Amino acid sequence: MSFPHPGQQIEIVSFKHDGSVHRVWERSTVLKTGSESWIVGNDRVLVREADGREWRTREPAICTFGKGQWFNTIGMLREDGVYYYCNIGSPYQWKNNCLQYIDYDLDVKVFPDMTYVILDEEEFQLHKRELNYPNHIVRKVQQALEELLSLIHQQKGPFEADYIERWYERFLFYK
């Protein structure tokens, strides 16, 4: 299996637990692939929702997918700082020439001052019942949320000072 190289455009696809497509990001630029993480960047990318709606992102973003992590992060560069949108989901896979993961509903929005809010807890409870999430998946989701919140509190990984800005500079090189 061949992986994309830095500068190459890829599609990111998230699925729901039942295998249905949840959301597709039309194209993102690969900045790094490796044994520990994949990092991609995009700006005003077209996003297609499962219900057919389409929209464009409003600002440049750096997305980090850590190997084996049950979450991914999107660092969005805005005039007043970096905001993060973090998806709790299965570890990523490179499959069918797309970066893929299963979205498990819970999200964390992080503000420039590192305060945060946990989103979609009701959606998680609903889908846990409707899509029959197995107990081991529920445990993984809960562990992922704890790990993610710990990284936010410690300002480690993608939450380190200047992490997003450094990768954004690399993104501009390929743009």
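In this predicted model, one cavity of 30 Å³ or more is present. The space inside this largest cavity amounts to about 30 Å³. Its lining is made up of Phe65, Gly66, Gln69, Phe71, Asn72, Gly89, Ser90, Tyr92 and Tyr101. Two elements, β6 (60–66) and β7 (71–78), each give two or more residues to this lining. Sorted by class, four of the lining residues are nonpolar and five are polar, while no charged residue takes part.

Open pockets were examined next. The largest pocket holds about 520 Å³ of space. It is lined by 27 residues, of which Trp25, Trp55, Ile74, Met76 and Tyr85 are the closest to the pocket centre. Several strands contribute to the lining of the largest pocket: at least two residues each are supplied by β2, β5 (54–56), β6, β7, β8 (81–89) and β10 (98–110). The greatest contribution is that of β10, which gives five residues. In the lining of the largest pocket, charged residues number twelve, nonpolar residues ten and polar residues five.

For the second largest pocket, the volume is about 190 Å³. Ser37, Thr64, Gly157, Pro158 and Tyr163 are the closest to the centre of this pocket among the 15 residues that line it. Two or more lining residues come from each of β3 (37–43), β6, β7 and the helix α3 (163–174). Strand β6 provides the largest share of the lining of the second largest pocket, with three residues. By class, this lining consists of seven nonpolar, six polar and two charged residues. Strands β6 and β7 are thus named for the linings of the largest cavity, the largest pocket and the second largest pocket.

One residue of strand β2 was considered individually. Ser28 belongs to this strand, which spans residues 21–32. Ser28 is classed as buried because its relative accessibility is 0%, and the cut-off for a buried residue is under 20%. The side chain of Ser28 forms a polar contact of 3.0 Å with the side chain of Asn42. When residues up to four places away in sequence are left out, Ser28 is in contact with Gln8, Gln9, Ile10, Ile12, Val40, Gly41 and Asn42. Asn42 therefore appears both as a contact of Ser28 and as its polar partner, the latter because a polar contact requires a pair of N or O atoms within 3.5 Å and the pair here lies at 3.0 Å.

Technical notes. Residues numbered from 1 in each chain as written. Predicted model: local features only at pLDDT ≥ 70, side-chain atom pairs only at ≥ 80, totals over all residues. Heavy atoms only, no water. 1 Å grid on protein atoms, 1.4 Å probe; cavity = no way out; pocket = protein on both sides within 12 Å on 5 of 7 lines; lining within 4 Å. Points joined across faces, edges and corners; volume = space filled by probe spheres on them. Helix = DSSP H or I, 4+ residues; strand = E, 2+ residues; numbered from the N terminus. Nonpolar A, V, L, I, M, F, W, Y, C, P; charged D, E, K, R; others polar. Buried < 20%, exposed > 50% of the residue type's maximum accessible area, 1.4 Å probe, protein only. Polar contact = N/O pair within 3.5 Å; in protein donor to acceptor, adjacent residues only side chain to side chain. Contact = heavy atoms within 4.5 Å.
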